[in-house]
Amino acid sequence: MVAVGAVIGLAALDDDSNDFSIRKVPTPTTVSTPRSQNAPSSKTQYVTGNVVNVRSGPGTSYNKIFQLKRGQRVQALTSENGWIKLSVNNRIGWMFGKYLSTTQRPRQVQQTQVTHTLEKKCHPSYTGACVPIASDVDCAGGRGNGPAYVRGPVRVVGPDIYGLDRDRDGIGCDR
């Protein structure tokens with residue numbers, strides 16, 4: 001005896017008073033999986049954090065699998081709860097979205113470079129305060145017209161090319 005309602009492919013056998021007939025089984029409805037929030041659909045993005053962990057899943061509870069550095073380019077594949085699934089150098093992983101941007105930002109200048117660039121050039125004939133190297137330097141608060149000024153007192157240790165030590169006692173801008 002054949003089992004009633006057995007499914008064979010897309011058809012089923014029916015028992016109608018021992019008269020077997022084949023009827024079409026309705027196609028099962030497809031269950032759609034929820035789409036990821038804000039799915040980027042494979043967009044190029046750039047890492048904005050200095051060194052950022054890439055994880056095996058969308059959250060900090062997942063293992064760190066590698067790291068990326070600022071400015072590295074990645075392909076964003078999908079997103080979930082603020083985490084971006086990405087592809088870089090044939091590797092797949094997840095990174096928190098706040099560390100990615102669609103625009104490439106210039107790399108941060110190292111602090112030592114900034115300090116070196118902003119470092120004032122002081123004239124070697126004076127100590128105690130930085131006397132800038134300029135066409136003319138006058139004591140701040142005095143009657144001079146600059147273009148550069150220094151707050152004293154300053155010790156004159158070489159030729160007083162700016163005439164800061166008016167009374168020639170070795171100390172300039174002391175009034």
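Okay, Asp-165. Leaving out residues up to four places away in sequence, Asp-165 touches Val-156, Asp-160, Gly-170, Ile-171 and Gly-172. This is a predicted model, by the way, so keep that in mind for everything I say. Where does Asp-165 sit? In the loop between E14 and E15.

Is Asp-165 buried or exposed? It's buried, because its relative accessible area is 10% and the cut-off for buried is under 20%. So what does the side chain of this aspartate have for polar company? There are two backbone nitrogens to point at. The one on Gly-170 is 2.7 Å from a polar atom of the Asp-165 side chain, and the one on Arg-168 is 3.2 Å from a polar atom of that side chain. One more distance for Asp-165: C-alpha to C-alpha, Cys-139 is 9.7 Å away in space, with the two positions 26 residues apart in sequence numbering.

Now stay in that loop, since Asp-169 is also between E14 and E15. Asp-169 counts as partly exposed, because its relative accessibility is 44%, and that class runs between 20% and 50%. The side chain of Asp-169 has a backbone nitrogen to go with it as well: the nitrogen of Ile-171 lies 3.0 Å from one of its polar atoms. And if you want a C-alpha distance, Asp-169 to Val-156 is 8.8 Å, for residues 13 apart along the chain.

So what are the strands on either side of that loop doing? They're in an open sheet of 3 strands, with the order E11-E14-E15 and antiparallel pairing. The edges are E11, residues 126–127, and E15, residues 171–172, and each of those pairs on one side only. E14 covers residues 154–156 and is joined to E11, antiparallel, by 2 bridges. For a concrete pair, look at Tyr-126, which stands opposite Val-156 in E14. That's the Val-156 that Asp-165 touches. As a general reminder, strands of a sheet pair through backbone hydrogen bonds, either parallel or antiparallel.

Let me zoom out to the whole chain. We've got 1 helix and 15 strands. Of the 175 residues, 26% are buried. The chain exposes about 12700 Å², and carbon and sulfur atoms supply 49% of that area. On contacts: take those with a separation of 6 or more, and 42% of them are between residues 24 or more positions apart.

Next, the nonpolar cores. How many residues are in the largest one? It has 12, and among them are Val-47, Phe-66, Ala-76, Met-95 and Leu-100. The elements that put in two or more residues are E5 (51–55), E6 (64–69), E7 (73–80) and E8 (83–88). E8 gives the largest share, with 3 residues. Then there's a second, separate core of 10 residues, and that one includes Val-131, Val-137, Val-154 and Val-156. So yes, Val-156 turns up again: it's in this second core and opposite Tyr-126.

Back to the strands around the larger core. E4, residues 43–47, pairs antiparallel with E7 over 4 bridges. Within that pairing, Lys-43 has Ala-76 in E7 as its bridge partner, and Ala-76 is one of the residues of the largest core. E4 also runs antiparallel to E10, residues 100–101, with 2 bridges joining them. There, Tyr-46 has Ser-101 in E10 as its bridge partner.

One more residue to click on: Phe-96, in strand E9, residues 91–96. Phe-96 counts as partly exposed, because its relative accessibility is 31%. Setting aside neighbours within four places in sequence, Phe-96 is in contact with Asn-81, Gly-82 and Trp-83. Its C-alpha is 8.9 Å from that of Lys-85, 11 residues apart along the chain.

Last bit, the confidence. The mean pLDDT of the chain is 77, and 67% of the residues reach 70 or more. Which stretches stay under 50? One is residues 27–40, where the model has 13 contacts beyond four places in sequence. Another is residues 109–118, and there the model has 1 contact beyond four places in sequence. That's what I've got, thanks.

Notes. Residues are numbered from 1 along each chain as its sequence is written. This is a predicted model: local features need pLDDT of at least 70, side-chain atom pairs count only at pLDDT 80 or more; totals for chains, interfaces and linings use all residues. Side-chain values use heavy atoms; hydrogens and water are left out. Buried means under 20% relative accessible area, exposed over 50%, partly exposed in between (1.4 Å probe, protein chains only). Contact means heavy atoms within 4.5 Å. Accessible areas come from the Shrake-Rupley method with a 1.4 Å probe; for residues, only the protein chains shown count as cover. A nonpolar core is a set of buried Ala, Val, Leu, Ile, Met, Phe, Trp, Tyr and Cys residues joined through side-chain atoms within 4.5 Å. Two strands pair if DSSP finds at least two bridges between them. A polar contact is a pair of N or O atoms within 3.5 Å; within protein, one must be able to donate a hydrogen and the other to accept it, and residues adjacent in sequence count only if both atoms are side-chain atoms. pLDDT is the predictor's confidence in each residue, from 0 to 100.
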